[in-house]
Amino acid sequence: MTGPDIPAVTVAASSNRSGTVTVRATDQGLPVEIRFERGEYRYGAQALADEILRLTRRSAIAAKSRRRELLTEAGIPDEVLDRLGLPTRRAAVDELDRIDEADTGRTTWMRDV
């Protein structure tokens, strides 16, 4: 009896709000594909590099969460997945929200209670 196939690498993609920059990265944080529209050059090289790094971090977090889901389906205990540093879906969403808020500021006028 064999278990589900677990890919050697898990990949996820993230794009900026306008969809002009997209980065696919592995769960280890290695970018494997970077796409951006020519118009991004107008913001300068440093701004483009910063956006690529931010999207790489976002993609890596999403890929880690996806990897955790695959390993959970394969029967790996949560304790092992926690030690591997693989976030739950909720933890990944919270971290992605934190990254976005740090980059763009609060997106709501509502106060946290």
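A residue counts as buried when its relative accessible area is under 20%. Keep that cut-off in mind for the close-ups below, which come from a predicted model.

**View 1. Arg 54 and Glu 51 form a salt bridge within helix H1.**
Arg 54 is the place to start: its relative accessible area is 9%, so Arg 54 is buried. Its partner Glu 51 is buried too, at 15% relative accessibility. The closest N and O atoms of this salt bridge are 2.9 Å apart. Both residues belong to helix H1, where they sit three residues apart, about one turn of the helix. Now widen the view a little: Glu 51, Arg 54, Arg 58 and Asp 100 are linked in a network of salt bridges.

**View 2. Asp 27 and Arg 67 join a loop to helix H1.**
Here a salt bridge brings the closest N and O atoms of Asp 27 and Arg 67 to 3.2 Å. Asp 27 lies in the loop between S2 and strand S3 (31–36), while Arg 67 is in helix H1 (residues 45–73), so this pair ties together parts that are 40 residues apart in sequence. How much accessible area does Asp 27 have, in relative terms? The value is 5%, so Asp 27 is buried. Arg 67, with 15%, is buried as well.

**View 3. Glu 33 and Arg 35 make another salt bridge.**
In this pair the closest N and O atoms are 2.5 Å apart. Is Arg 35 buried or exposed? Arg 35 is exposed, with a relative accessible area of 55%, whereas Glu 33 counts as partly exposed at 23%. Side chains of opposite charge can pair when their charged atoms come close. In total, the model has 11 salt bridges.

**View 4. Three strands form an open sheet, with helix H1 packed on it.**
The strands run in the order S1-S2-S3, and their pairing is antiparallel. S1 and S3 are the edge strands, each pairing on one side only. From one strand to the next, the twist averages 10°. H1 touches S1, S2 and S3, and the direction of the helix makes about 45° with that of S2. Look next at S1 and S2, which pair over five bridges. Across this pairing, Ala 12 stands opposite Ala 25 in S2.

**View 5. Five residues make up the largest nonpolar core.**
Which residues belong to the largest nonpolar core? They are Val 21, Val 23, Leu 48, Ile 52 and Leu 55. S2 and H1 are the elements that give two or more residues to this core, and H1 provides the largest share, three residues. In soluble globular proteins, nonpolar side chains tend to be buried together. Val 21 is a good residue to follow outward: beyond its neighbours up to four places away in sequence, Val 21 touches residues including Ser 14, Phe 36, Leu 48, Ile 52 and Leu 55.

**View 6. Thr 20 sits in the loop between strands S1 and S2.**
This loop lies between S1 (11–15) and S2 (21–26). Thr 20 has a relative accessible area of 14%, so this loop residue is buried. What joins the side chains of Thr 20 and Ser 18? A polar contact of 3.0 Å does. Leaving aside neighbours within four places in sequence, Thr 20 is in contact with Arg 35, Phe 36, Glu 37 and Glu 40. Among these, Arg 35 is already familiar as the salt-bridge partner of Glu 33.

Methods:
Residues are numbered from 1 along each chain as its sequence is written. This is a predicted model: local features need pLDDT of at least 70, side-chain atom pairs count only at pLDDT 80 or more; totals for chains, interfaces and linings use all residues. Side-chain values use heavy atoms; hydrogens and water are left out. Helices (H or I, at least four residues) and strands (E, at least two) are DSSP runs, numbered from the N terminus. Buried means under 20% relative accessible area, exposed over 50%, partly exposed in between (1.4 Å probe, protein chains only). A polar contact is a pair of N or O atoms within 3.5 Å; within protein, one must be able to donate a hydrogen and the other to accept it, and residues adjacent in sequence count only if both atoms are side-chain atoms. Contact means heavy atoms within 4.5 Å. A salt bridge is a side-chain nitrogen of Lys or Arg within 4 Å of a carboxyl oxygen of Asp or Glu. A nonpolar core is a set of buried Ala, Val, Leu, Ile, Met, Phe, Trp, Tyr and Cys residues joined through side-chain atoms within 4.5 Å. Two strands pair if DSSP finds at least two bridges between them. Axes are lines fitted to C-alpha atoms, for helices over the stretch in contact, and angles run from 0 to 180 degrees between N-to-C directions.
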